[in-house]
Every structure is written in C-alpha cells, then in structure tokens.
Amino acid sequence: MAPERIGKVMAQVAMVMNLDKCIGCHTCSVTCKQAWTNRSGVEYVWFNNVETRPGQGYPRRYEDQERWEGGWKRTRTGRLKPKAGGRLKKLATIFANPKMPSIQDYYEPWTYDYENLITAPLGDDIPVARPRSLISGEPMDISWSANWDDDLGGGEELGSQDPIAQKLGEQVKFSFEETFMFYLPRICEHCLNPSCVASCPSGAMYKRAEDGIVLVDQDKCRGWRMCVTGCPYKKVYFNHKTGKAEKCTLCYPRIEVGQPTVCSETCVGRLRYLGVVLYDAERVRAAAAVKDEEDLYPAQLEVLLDPNDPEVRAAARRDGIPDRWIESAQRSPIHLLVKEFGVALPLHPEYRTMPMVWYIPPLSPVVDSLTSTGHDGEDAGNLFGAIDALRIPVEYLAELFTAGDPAPVEATLRKLAAMRSYMRRINLGQDRDESIAESVGMTGTDIERMYRLLALAKYDERYVIPTAYGVDETDKGVIEEIGCSLDFDGGPGMGGMGGPTPFGEASGRPEPATVENFHALRDRQTSDERSGPPRRVNLLNWDGNGRPPGLFPPKKEDQA
Amino acid sequence: MTPTSLDYLAWGALPYVVLAVLVGGTVWRYRYDRFGWTTRSSQLYESRLLRIASPVFHFGLLVVIVGHAVGLLIPESWTHAVGLSDEAYHVLALSMGVIAGIATLGGIALLIYRRRTTGPVFSATTVNDKTMYLVLTAAIVSGLAVTLLSAYSGFTGGVEVDYRQTVSVWFRSIWVLQPDVAAMSAASTGFKIHVLIGLGLFSLFPFSRLVHAFSAPVGYLFRPYIVYRSRGREPARSTRPVRRGWS
C-alpha cells in the first residue's frame with residue numbers, strides 16, 4: 001500500500017492503568033495534590049482522584065451525561081457536536097452556564113480552626129478544632145468529600161447512586177453475596193478528540209501538537225467555564241480565586257525531560273504505564289463519529305498506528321516526528337497493552353472523546369468470587385467459566401470501558417485469567433501449557449511478555465518516555481522556552497502561594513521549569529564541583545567556615 | 001446659551017482624557033495582566049440566582065448598548081431620509097430603552113443582592129468590584145431616569161430637549177476632533193449627569209473586571225472545534241504584576 005494512505009501522523013503520550021493492582025491507597029491523589037493543587041482557589045480540585053466502583057465518583061454522579069451533558073453527540077447527519085450544544089448555543093448561554101456543577105457537587109473544602117486549640121480559655125472541656133469552610137469561612141458540618149464513599153462502593157446506599165448501576169437496573173443487586181468492588185484512579189484523559197477544547201470559547205485550551213497533552217493557556221482563559229461542562233470526565237476545574245480553568249497537565253515538565261508523571265512515579269502498586277503512541281490525526285473525526293457506540297472502541301484502536309510498520313515510520317518522519325520518538329513508540333508499553341495484547345480499554349468510549357488513558361479491567365471481582373465459593377481461583381477452566389457466569393461484574397465493566405459491549409471485556413479478562421493459570425504452572429514447576437495461551441488467541445511467549453510487563457512491571461519498561469523534541473543535537477534545534485505557562489502569580493510554577501517570599505525554598509527569582517534547568521539541577525546534584533555560574537548561597541546552610549563561592553558578589557577584577 | 005469654561009473642560013477636554021485612559025489602560029492591562037483578564041465568575045459558589053439574573057442583566061445590557069449606538073451614531077437626517085417620523089422613532093427608542101433598561105437594572109439589582117447575601121460571593125468581592133458596581137448602577141439608573149423623563153415629557157407634550165440634537169451631535173463631533181461643546185451644553189441636566197457617569201465608567205473599564213467584555217469570544221464561531229498548538233516559544237515578556245488588576 002502506498003504511504004499516502006496514512007494521514008497526518010501525530011504522537012501522543014498515553015497512560016495505561018492496571019486496575020487489578022490498585023489497592024486504593026490514594027498516594028497518587030495526594031502526591032498530585034501536593035505537586036499541583038495545594039493552593040487556594042483549587043482546594044476542592046483533584047487532578048488525580050481514586051474512586052471506588054460501583055460508586056458515585058467525583059464530582060458526584062459525573063457519569064450521568066443526561067444531566068451534565070459532557071462529551072460529544074452524534075447528530076443525525078453523522079457529524080459530532082458538543083453534547084451541551086454547538087457554537088451558537090455556547091455563546092447564547094455564556095452569561096450563566098446552565099450545566100455547570102456547583103461546589104456542592106464536588107464538595108465544600110474545609111480546614112480546621114486549629115487556633116482554638118491554643119487560645120481557648122481554661123476550662124473543663126478539651127478544646128476542639130472545629131471544621132471551617134474554605135469557601136465561606138463559616139463553621140460547617142463535613143458531609144461529603146472527594147472520596148467520601150471510599151470502600152463503600154459495593155454497598156446499597158451509595159452503590160445504588162452509581163449512574164452505571166442505575167443503567168444496568170435490576171441486574172445489579174447489592175446483596176452481600178454478589179457484591180463486588182474495585183478502585184478506579186482517574187486523571188485527565190488527554191483525549192484525541194477533546195470536547196473541553198472544543199467547548200472553550202476563548203480558544204485557550206489546546207492539544208499540544210508534539211505530545212498530545214491537553215493544556216489550558218492561563219493567559220488566554222477568560223473564565224467562561226464551558227470546558228467544565230464540555231469534559232464528560234469532569235476533569236477540568238474552575239479555580240474560584242483566579243477565575244481560570246485548571247486541569248491535569250500530565251506533569252508535562254516531567255514528561256518533557258523523560259520522567260513519569262508524579263502520580264505514576266509515586267504509585268505504590270506500580271500499576272501505571274506511560275509511553276508514546278502514534279495515531280492518524282485525520283482519522284480521528286470519523287472514528288469518533290461511528291454510528292454504533294459499541295463500535296467506538298474498535299474504531300479507536302484503528303486510529304492508532306503500528307510503529308513497527310515501515311510505512312508508518314516513514315509517514316511519521318514525513319510529519320516531523322523525530323526518530324527517537326518513533327523508536328520510543330516501538331518500545332511503548334501502551335502500544336503493547338492496547339494494540340498488541342488488547343488488554344487495555346478506554347474509559348467511557350461512548351463520550352466520543354477518544355480518551356488516551358486506558359484501563360486493564362480488574363479480574364479480581366471474578367477471582368474473589370471464585371475463591372470465596374471454595375473453587376481454585378487460578379485454574380484456567382474455572383476462571384473462564386466464572387467470567388462467563390459472573391454477568392454482573394462483566395456488564396458493569398463493559399458499561400465503563402466498552403460502551404456496554406461485554407465481548408471485549410470478556411476477552412480481556414480471559415487473557416488475564418490465562419496469564420494467571422499459565423504462569424502458575426510455571427511457578428509450580430509444571431510444563432508450559434500452550435493450550436491455555438491458544439484458548440485466548442495468544443502464544444506462550446506473548447503471555448510471558450505480558451506477565452513481565454504486568455506482574456514484574458520494571459520501571460524502565462513501565463515508563464518509556466522520550467524527552468521533548470529539540471533537546472539534543474540530533475533534533476537540530478535548541479529548546480528556547482523562556483517562561484513556563486504555570487509560572488504565574490500564585491500558580492504552581494511559583495513554588496508556593498502568594499508570590500515570592502524573602503526566605504526559604506521559594507525565595508529569590510523563580511526558576512522556570514525547563515529542560516535546561518532540569519539538567520543543570522541534576523548536574524549540580526550529582527557532581528562534586530559547582531556547575532554553572534554561582535548564583536546565590538543559602539546562608540541557612542552555611543556552617544560559618546570559609547567563604548563559599550557566591551557568598552559575595554564577584555569582584556570587579558573577576559568580572560573583567 | 002454660551003458654553004462656560006467648565007463646559008469646555010467637561011465636554012471638550014474630559015472625553016479625550018477618558019479615551020486616552022480607556023485605550024491606554026486596556027493596552028496596559030493586556031500587556032501586563034493577561035492572567036487577571038477574566039470574568040471571575042462566581043457561578044461555582046451560587047448558580048440558582050445567577051442563572052436568572054446574569055442573562056437578564058447581560059442581554060438587557062446588550063440591547064442598551066445597541067440602543068446607544070443607534071441613538072448616538074445615526075443622525076436625525078438619516079432616519080428622516082428613510083421616512084421614519086420623529087414620533088415613531090421616539091416611541092420605538094423609548095419603549096425599547098425602557099424595557100431593556102428595566103431588565104438591566106433588575107438584573108444588576110438581583111446580582112448585587114446575590115453578591116451581598118451569598119457569603120462566599122461576598123467574600124470574593126474586592127473594593128475594585130464594589131466601586132465598579134456603584135458606577136455601573138449609577139450609569140444604569142441615570143440612563144433609565146432620563147429615558148423615563150423623556151418619555152414622560154413626550155406624552156405630556158413638554159419641551160424636553162431632544163438628545164439627538166444635543167448629546168448625539170456632541171458625541172459624533174468627538175471623533176472628528178472638533179468637539180461641539182455648545183451642543184452638549186444645551187442638553188438637559190439629566191443627560192449631562194448620565195454622560196459624566198458614563199465617562200467615569202469608561203475610565204474604570206480597563207482597571208476592573210469589566211474588561212471581560214472586550215474578550216467576547218466571537219472568534220469561537222469561526223474556528224475549528226479542536227485547537228492544536230505547538231510547544232514552541234512562550235512569551236518572553238514578563239506578564240507578572242505584583243497584584244491582579246481586579247484586586
């Protein structure tokens with residue numbers, strides 16, 4: 001076939017999460033919050049959150065798109081337009097967004113009145129720190145938060161409020177015997193067809209051409225709030241202090257230097273994978289507009305290109321993707337899990353946004369159910385039978401990952417089950433049973449590769465991230481990023497709230513987050529000599545002996 | 001009536017000062033405080049009242065702006081030429097003006113009520129906002145008052161001076177750098193007050209949250225849905241003032 005058949009090739013940094021390994025510890029959420037949203041105005045904002053499913057999620061019942069109208073809808077003519085309305089309707093409702101969640105739909109953030117602990121007058125009672133709202137400053141009763149229903153998802157009271165459970169209706173009975181539960185960590189999906197970007201009247205939101213990361217230009221955002229409605233995952237948030245939209249950045253300052261995101265790096269279960277996928281940008285629109293919702297997942301797979309195909313590589317080179325990005329795409333764990341093994345599924349493909357954070361559905365509800373009934377939860381035959389028999393978890397997962405089509409979920413779970421059984425035989429010193437692999441359309445070698453990636457999950461194999469274009473000589477370019485778009489007053493780039501302070505880590509001129517600074521910092525940390533020109537000396541670290549370079553400004557003769 | 005020196009100051013010099021502040025201030029704000037250039041919506045805190053009050057206010061205001069543009073920019077001779085009688089014009093203009101003015105006033109009254117009574121919204125209100133609300137409300141009230149007075153004197157056959165022969169003539173003369181001070185001096189006191197408040201509002205414009213009006217996203221109608229942007233260069237210029245423009 002001629003190379004013309006491949007449209008514009010673009011690269012996307014994508015993520016896969018292996019849900020079987022998520023223990024719901026919220027480390028990803030906490031480290032993400034510490035890194036990005038520990039500022040006033042975004043107290044309620046979790047770029048990364050972990051939900052218990054079945055459950056309502058955060059914000060509450062965000063998946064109920066009849067109410068929130070996020071994502072795209074297919075018109076009768078087969079075109080796509082934002083579900084909340086096209087351009088004219090957006091402008092007509094710009095003065096008050098009719099579909100915006102209120103702070104109560106997230107939760108009202110609070111702090112505690114700690115001062116009372118030391119200023120309370122002497123008395124018989126022990127003083128307490130009462131909760132106070134960070135929104136109104138008034139004392140409040142805490143009644144909900146981002147993971148209020150943590151671990152309670154399978155229960156009747158909260159689980160029945162899950163929009164998916166309601167859709168499945170009578171089938172999901174939250175009886176004790178049939179209950180199941182798993183964790184779903186969520187970040188921005190960095191979609192190929194982002195409806196938040198499409199909803200932004202100012203054009204402040206954009207998808208980065210180089211790595212597909214969806215960002216908000218803080219200088220162009222005018223606070224019209226349409227992106228909050230547009231995102232069906234409700235992963236664009238409104239900073240109520242600055243009046244601007246903020247969202248997960250896929251930790252782009254880290255990705256640019258080849259490091260995994262904070263949520264991935266700190267994941268205790270090591271369940272996150274990061275890598276590059278190549279896709280045909282010209283096929284996205286048609287793939288997102290296929291008629292039948294159940295065809296969206298296969299259509300999305302079709303958009304992704306095989307980096308091992310020489311024609312794809314040629315087309316990628318033609319479209320300006322550097323060779324090391326193509327090589328990285330060839331080693332990408334995402335490509336392996338999504339395309340080759342086909343075990344990672346997109347979250348809610350029916351929103352038609354082509355999400356780029358993929359999930360390996362959990363086999364654990366099936367295994368738990370088997371073992372609790374006294375069966376061998378790792379026997380291939382038992383597992384396959386159970387996947388067929390346990391309709392409820394499978395259909396629930398299908399509503400999450402394949403727009404309701406149970407077949408791909410079943411196929412994935414069978415592969416995971418086959419991997420368990422196949423590897424157990426090896427661990428027990430038995431022969432490799434190739435028939436197990438064949439029964440799920442794989443080979444034993446594939447299964448062992450998948451096992452290595454999913455179970456051993458080596459750091460270098462989980463994260464295959466090329467550094468940003470133009471960093472080294474081979475790219476024939478030099479990065480000339482002077483400022484950082486997060487480097488605004490009170491922003492995360494400023495190293496804290498409320499601007500520069502005279503003392504401590506955040507003092508002095510803020511360092512922009514650039515590749516050069518990253519390398520300079522690493523050189524400085526790992527070498528014995530001070531690298532680069534001396535800037536300033538932190539007197540708090542000075543032991544009083546000698547005269548460290550940089551303690552005084554350079555003498556005139558030194559400068560000359 | 002011959003114009004006094006105060007008239008020359010108010011109607012000859014002041015408009016140009018305000019124009020310079022408006023244009024210069026907007027350019028300054030755009031260059032140095034693009035991050036502070038936002039609607040600063042409080043919908044996250046409260047949306048029940050906002051969803052009624054804000055559209056009523058804004059759409060009323062849009063009609064008011066169109067009305068001002070028509071009344072100030074189109075000379076009487078043009079409407080005569082298309083065969084529109086003065087009576088018909090006034091009935092049309094005043095009825096539209098009264099409806100839009102009342103909607104705007106009602107809208108802003110509800111918005112101010114909401115701002116004052118909803119705790120989180122009130123605590124997010126800066127001194128700058130309060131000043132802006134004061135001037136904006138005064139402009140709306142005085143404008144509605146002169147409209148109602150005109151309508152009243154029109155019905156009773158009084159001798160209200162027609163703004164189309166005074167204010168509008170003066171307004172158009174500003175733009176050709178030949179301010180017709182005499183025309184404006186001949187206007188009634190009500191109009192003079194309204195014009196002065198209006199000038200105050202314009203000079204406040206670049207330094208308040210009103211700037212969001214300048215970024216009305218008309219371009220949205222003409223751009224593709226998905227925006228791609230190259231990583232590229234970031235602006236070299238510092239856009240980081242000590243304080244936001246609205247605080």
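**Exercise 1. Getting to know chain B**

From the N terminus on, the elements of chain B run α-α-α-α-α-α-α-α-α-β. Keep in mind that you are working with a predicted model. Your task: find how many helices and strands chain B has, and describe the chain as a whole.

*Solution.*
- Step 1: Count the symbols, and you arrive at 9 helices and 1 strand.
- Step 2: Look at the extent of the chain. Along the principal axes, the C-alpha atoms of chain B fill a box of roughly 60 × 40 × 40 Å.
- Step 3: Turn to burial. Chain B has 247 residues, and 29% of them count as buried.
- Step 4: Check the contacts. Take those in chain B between residues at least 6 apart in sequence: 84% of them join residues at least 24 apart.

**Exercise 2. Where chain B touches chain A**

How many residues does each chain bring to the contact, and which element of chain B gives the most?

*Solution.*
- Step 1: Start with the totals: 47 residues come from chain A and 39 residues from chain B.
- Step 2: List the elements of chain B that supply two or more residues to this side. They are helix 2 (50-73), helix 5 (119-123) and strand 1 (228-229).
- Step 3: Pick out the top contributor, which is helix 2 of chain B with 5 residues.
- Step 4: Sort the chain B side by class, and you get 16 nonpolar, 14 polar and 9 charged residues.

**Exercise 3. A sheet with strands from two chains**

Work out the order of the strands in the open sheet that includes strand 1 of chain B, and say which strands stand at the edges.

*Solution.*
- Step 1: Begin at the chain boundary. Strand 8 (residues 205-208) of chain A pairs with strand 1 of chain B in the parallel sense, over 2 bridges. Here K207(A) has Y228(B) as its bridge partner.
- Step 2: Now follow strand 8 of chain A to strand 9 of chain A. These two pair in the antiparallel sense over 3 bridges, and M205(A) has V216(A) as its bridge partner.
- Step 3: Put the pairs together. The 3 strands form an open sheet in the order 9(A)-8(A)-1(B), with mixed pairing.
- Step 4: Find the edges. Strand 9 (214-216) of chain A and strand 1 of chain B each have a single partner strand, so one side of each has no neighbour in the sheet.

**Exercise 4. A sheet within chain A**

Describe the sheet of 5 strands in chain A and the helix that lies across part of it.

*Solution.*
- Step 1: Write down the order, 13-12-1-15-14; the sheet is open and the pairing is mixed.
- Step 2: Locate the edges. Strand 13 and strand 14 (345-346) of chain A each have a single partner strand, so each has one side without a neighbour in the sheet.
- Step 3: Look at one pair. Strand 14 of chain A and strand 15 (residues 357-360) of chain A run antiparallel, joined by 2 bridges. In this pair, P346(A) stands opposite W358(A).
- Step 4: Add the helix. Helix 14 of chain A lies across strand 1 (9-18), strand 12 (272-280) and strand 13 of chain A, and runs at about 115° to strand 1.

**Exercise 5. Two helices that cross**

At what angle do helix 17 and helix 18 of chain A pack, and which residues make the contact?

*Solution.*
- Step 1: Read the geometry. Helix 17 (residues 364-372) and helix 18 (residues 380-389) of chain A pack at about 110°, and their axes are 10 Å apart.
- Step 2: Name the arrangement. Angles of 65 to 115 degrees count as roughly perpendicular, so helix 17 of chain A is roughly perpendicular to helix 18 of chain A. The crossing is right-handed.
- Step 3: Find the residues. Helix 17 of chain A contributes V366(A), S369(A) and L370(A), while helix 18 of chain A contributes N382(A), L383(A), A386(A) and I387(A).
- Step 4: Sort this contact by class: 5 nonpolar, 2 polar and no charged residues.

**Exercise 6. Two loop residues**

Is E138(A) buried or exposed, and how does D309(A) count?

*Solution.*
- Step 1: Place E138(A) in the loop between strand 6 (131-133) and helix 6 (156-159) of chain A.
- Step 2: Count its neighbours. E138(A) has 11 C-beta neighbours inside 10 Å, and a residue with 12 or fewer is exposed, so E138(A) counts as exposed.
- Step 3: Check its contacts. Leaving aside neighbours within four places in sequence, E138(A) touches R132(A), S133(A) and, from chain B, G119(B).
- Step 4: Place D309(A) in the loop between strand 13 (304-305) and helix 14 (310-318) of chain A. D309(A) has 14 other C-beta atoms within 10 Å, so this residue is partly exposed.

Definitions and conventions: Residues numbered from 1 in each chain as written. Chains lettered and ligands numbered in written order. Predicted model: local features only at pLDDT ≥ 70, side-chain atom pairs only at ≥ 80, totals over all residues. Contact = placed C-beta atoms within 7 Å. Helix = DSSP H or I, 4+ residues; strand = E, 2+ residues; numbered from the N terminus. Nonpolar A, V, L, I, M, F, W, Y, C, P; charged D, E, K, R; others polar. Pairing = 2+ DSSP bridges. Buried ≥ 20, exposed ≤ 12 C-beta atoms within 10 Å, placed from the backbone. Axes fitted to C-alpha atoms, helices over the stretch in contact; angles between N-to-C directions. Parallel < 35°, antiparallel > 145°, perpendicular 65-115°, else oblique. Left-handed = near helix turned anticlockwise from the far one by under 90°.
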